[in-house]
Amino acid sequence: MKIRTRFAPSPTGFMHVGNLRTALYEYLTSKHEGGDFVLRIEDTDQERYVEGATDIIYNTLKLAGLEHDEGPDVGGDYGPYVQSERLSLYKPYAEQLVKAGKAYYCFCTKERLEKLHEEGAIGYDRHCRDLSENEINDNLAKGVPYVIRQKLPLTGESTYHDLVYGDITIPNDELDDQILIKADGFPTYNFANVIDDHTMGITHVVRGCEYLSSTPKYNALYDAFGWDIPTYIHLPLIMGKSVDEEGKEVISKLSKRHGSTGFMDLVNEGYLPQAIINYIALLGWAPSTNQEIFTLDELIKAFDINGISKSPSVFDYTKLEWVNTEFIKAMSYEEFTSNAKPFYDKLGLTEDKYPLLAEILQPRISRFTQIEEKLLFLKEFGEFDTQLFEHKKSKSNKETSIAVLTDIIPSLENTDWNSEAISALLTEYATSKEIKNSVVMWPVRIGAAGVAVTPGGCSEVLILLGKEESINRLKTSLLRLTKE
RNA sequence: GGCCCGCUGGUCAAACGGCUAAGACACCACCCCUUCACGGUGGAGACACGGGUUCGAUUCCCGUGCGGGUCACCA
């Protein structure tokens, strides 16, 4: 039988990386077996509707490369794929259960339930579970608002199997008579979820392990209808590290206070969608080999449910950063340049510099957003600290710098402005003076750039700046040194 | 609090009763060197604790501890 999984987010306007990872594992579970991946929007909560939220879901899946085979936007044989468009479908199913004695009308008011809660009761007291037929008809005739509740066993225990966690057993007295249809006629998530999964032919339910203890309720529903229970795959949670008021480091469920945990936030910070996917694939799952960098296709091939871990994992930006640099390093020149272009444009860099820029930037950045900061010295040249000319390892100091710059500026003015010529000029000068290359390179680079750290070495800095700007800056620097 | 789940270095994790307990990120040192990176070599660092079962437990069982999840007319 063909495997069918589904991603069923509710449109809240924010795609958390935890949700994305669930979507990824759902995608991988089906695609590894050549199955179908379905997108269903769960919008039964009218109060939580957020404008434009579904677009965020589409955009995220598209950017991440998790293409769905069926969904509201692409159609399919099991539509509609938005719960609010399926509303008429649910109530008859609930009525069917009422008729069969497996569900019942509950006329309790919210106030009564709240009071119950305040008195310390846990769950519903099943007040309406055994109303007489007369009472029910009476209430119905009077138009008393009602919900439909599922009738769950009071004693014994329920066991089911999960592919990750094994057999799970829950005492039945822990299970509440959950609401299937709300007073407004809408189905609850729990009910709609089961009806939809079944009617859409979902074979594998992949979801976070927060559902581990409520799954018996879902199973009771499948049983009540006489439907096959799907295969369950519950996923460990993703945690985040943060600092509490006392300055202590605490680990808790990943949320907004842990920084950018929304997929779009991460993308805006310069993480590549494929790097994010790669990284979160590794949070809670390990391949059978030591490979760590994967394309989506490689993930599909390598994915194996046996590799899913049971323990929660901590989201680590440092490792994500590393994955990102690996993706950047693996890029072709064209790929790198097209990603970098928006940042080049901001700095007014012309196309003739692109090859050199790629050469010096590609091994040095971990995110494209760092380009501006790395190249800022090209735009800004201020009163930097002349202490920068002092560098022990290069055997450079202010005196040697003055000597080198005095000799080298006139030579630079008369040379061709290309990497080979400049390098040759500087090394030949060093050789003739019997000093280390670094004694020459250091002051020239510092004098031109005005910052200690630059991507690329001395000649690259000069090329990027251009002849005129370089000479001007070197002259300025020399003047400042001699004045001291 | 009841119930459920988890616990290998700072982090992600391998091992599915049998070694001196892989690997990756981060960290440190050294090398390379025209700064910083890249790259290369090496280093430090872990089976939560206590009982069992067993010839032998990180691995199986039971407690304890710690962490997490869940107990809605939310999804």
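# Close-up views of chain A and RNA strand B

Chain A contains 20 helices and 12 strands. The model is predicted.

**View 1. Chain A as a whole.** Chain A has 484 residues, and 32% of them count as buried. Its radius of gyration is 32 Å, whereas a compact globule of 484 residues would have one near 23 Å. Along the principal axes, the C-alpha atoms fill a box of roughly 110 × 50 × 35 Å. Contacts often link distant parts of the sequence: among those between residues at least 6 apart, 71% join residues at least 24 apart.

**View 2. The protein surface near RNA strand B.** RNA strand B is surrounded by 64 residues. The closest are Glu 42, Ala 183, Tyr 189, Ser 311 and Gly 457. Several elements give two or more residues to this surface, among them helix H4 (110-118), helix H6 (189-199), helix H11 (317-329) and helix H19 (458-465). Strands are represented too, including S6 (166-171), S11 (249-253) and S12 (313-314). Helix H18 gives the most, with 4 residues. By class, the surface has 25 nonpolar, 24 polar and 15 charged residues.

**View 3. Helix H1, residues 17-32.** H1 has 16 residues and reaches 22 Å from its first C-alpha to its last. That is close to the 22 Å expected at 1.5 Å a residue. Of the 16 residues, 15 are buried, so H1 is largely enclosed by the rest of the structure. Gly 34 follows H1 and has a positive phi, near 70°.

**View 4. Helix H12, residues 333-347.** H12 has 15 residues, which should span 21 Å at 1.5 Å a residue. Its end C-alpha atoms are 19 Å apart, in agreement with that value. H12 bends by about 50° at Lys 341. A proline, Pro 342, follows within four residues. Phe 336, Ala 340 and Phe 343 are the buried residues of H12. They pack against helix H13 (354-361) and helix H14 (371-374). Just after H12, Gly 348 takes a positive phi of about 70°.

**View 5. Leu 361 and its neighbours.** Leu 361 lies in helix H13. Is Leu 361 buried or exposed? Leu 361 has 22 other C-beta atoms within 10 Å, and 20 or more make a residue buried, so Leu 361 is buried. Leaving aside residues up to four places away in sequence, Leu 361 touches Ala 340, Ile 371 and Pro 455. Of these contacts, Ala 340 is one of the buried residues of H12. Phe 336 is another buried residue of H12. The C-alpha atoms of Leu 361 and Phe 336 are separated by 9.5 Å, with the two residues 25 apart along the chain.

**View 6. Arg 126, in the loop between H4 and helix H5 (133-142)**. Arg 126 has a positive phi of about 60°, although it is not a glycine. With 16 other C-beta atoms within 10 Å, Arg 126 is partly exposed. H4, at one end of this loop, is among the elements giving two or more residues to the surface near RNA strand B.

**View 7. Glu 434, in the loop between helix H17 (419-433) and H18**. Glu 434 is a residue other than glycine with a positive phi, near 60°. Which class does its neighbour count give: buried, partly exposed or exposed? Glu 434 has 6 other C-beta atoms within 10 Å, and 12 or fewer make a residue exposed, so Glu 434 is exposed. The loop leads to H18, the helix that gives the most residues to the surface near RNA strand B.

Notes. Residues numbered from 1 in each chain as written. Chains lettered and ligands numbered in written order. Predicted model: local features only at pLDDT ≥ 70, side-chain atom pairs only at ≥ 80, totals over all residues. Near = placed C-beta within 6 Å. Nonpolar A, V, L, I, M, F, W, Y, C, P; charged D, E, K, R; others polar. Rg over C-alpha atoms; globule rule 2.2 N^0.38 Å. Contact = placed C-beta atoms within 7 Å. Expected span 1.5 Å × (residues − 1). Bend = angle between axes of the 7 residues up to and from the residue.
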